[in-house]
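Here's a quick tour of a fold and its ligand site. Have a look at the model first, then read on.

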Amino acid sequence: MKLMYCISVIKLNHFLMINKVLKIDKSNLDILVTFIHNNPIGRIHFRYFEKRDFTIVKNHLVANLYFENEECVGYGHLDEETKGGRTWLGVIVADKHQGKGFGNFIIDDLIGFPYVKSIYLSVDKTNRTAVHLYLKKGFKIIEDLTDKVIMCLAR
Ligand SMILES: CC(C)(COP(=O)(O)OP(=O)(O)OC[C@H]1O[C@@H](n2cnc3c(N)ncnc32)[C@H](O)[C@@H]1OP(=O)(O)O)[C@@H](O)C(=O)NCCC(=O)NCCS
């Protein structure tokens, strides 16, 4: 019980340490490019930029970099398909900062964005941490594909 309390306090401290959220635009796109480049483990499950140019983020509803002091610890976006399509969530936490509560924080920030009725995402079935977090936030599996599932948070 005492140990559980300590773990909660450590996680809470990490939530409080995200002290800067940087909206990405043309002027700071290089920070995103460097962040994605420097986190090869995260890229195993976050493959969004493998097939897309980084400049695509200028069309996103939300495209944020999250900082703990001056260090970038994560990235998250809401990507709205053109012409009234689905809004897709994407998130990646820096390799060395995974498991400290940052993903939790970033997902809360993204799903807190107003005006979006439903948020969709695609996640590898083997990505237990991400699936756990999405289920915890209320996402439901709406499509079961071979290696991944499509999840949706209806609001
Ligand atoms: C998925 C990701 C965003 C989660 O962020 P994170 O900062 O590592 O996660 P957090 O520390 O906020 O939370 C981890 C949660 O998963 C749980 N968890 C960790 N490993 C787990 C596992 N193998 N199975 C189930 N749950 C697990 C933790 O207990 C914690 O849950 P809790 O809050 O209920 O205690 C991050 O790990 C990441 O960037 N991974 C690589 C890229 C990626 O997978 N992006 C998502 C693509 S859909």
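## Around the ligand

The largest share of the shell around the ligand comes from H5, which gives 6 residues. Helices here (H or I, at least four residues) and strands (E, at least two) are DSSP runs, numbered from the N terminus. Helix H3 (40-45), strand E4 (87-93), helix H4 (102-111), strand E5 (118-124) and helix H5 (128-136) each chip in at least two shell residues.

There are 22 residues around the ligand, and His45, Gln98, Gly103, Asn104 and Arg128 come nearest. A residue is near a molecule if its C-beta atom, placed from the backbone, lies within 6 Å of it.

## A word on the model

This is a predicted model: local features need pLDDT of at least 70, side-chain atom pairs count only at pLDDT 80 or more, and totals for chains, interfaces and linings use all residues. Residues are numbered from 1 along each chain as its sequence is written.

## The sheet

Now for the strands. Seen in order, E1-E2-E3-E4-E5-E7-E6 make an open sheet of 7 strands with mixed pairing (two strands pair if DSSP finds at least two bridges between them). Strand E1 (18-23) and strand E6 (140-144) sit at the edges with a single partner strand each, so one side of each has no neighbour in the sheet.

Strand E2 (residues 62-68) and strand E3 (residues 71-80) run antiparallel, joined by 7 bridges. Alanine 63, for instance, has histidine 77 in E3 as its bridge partner.
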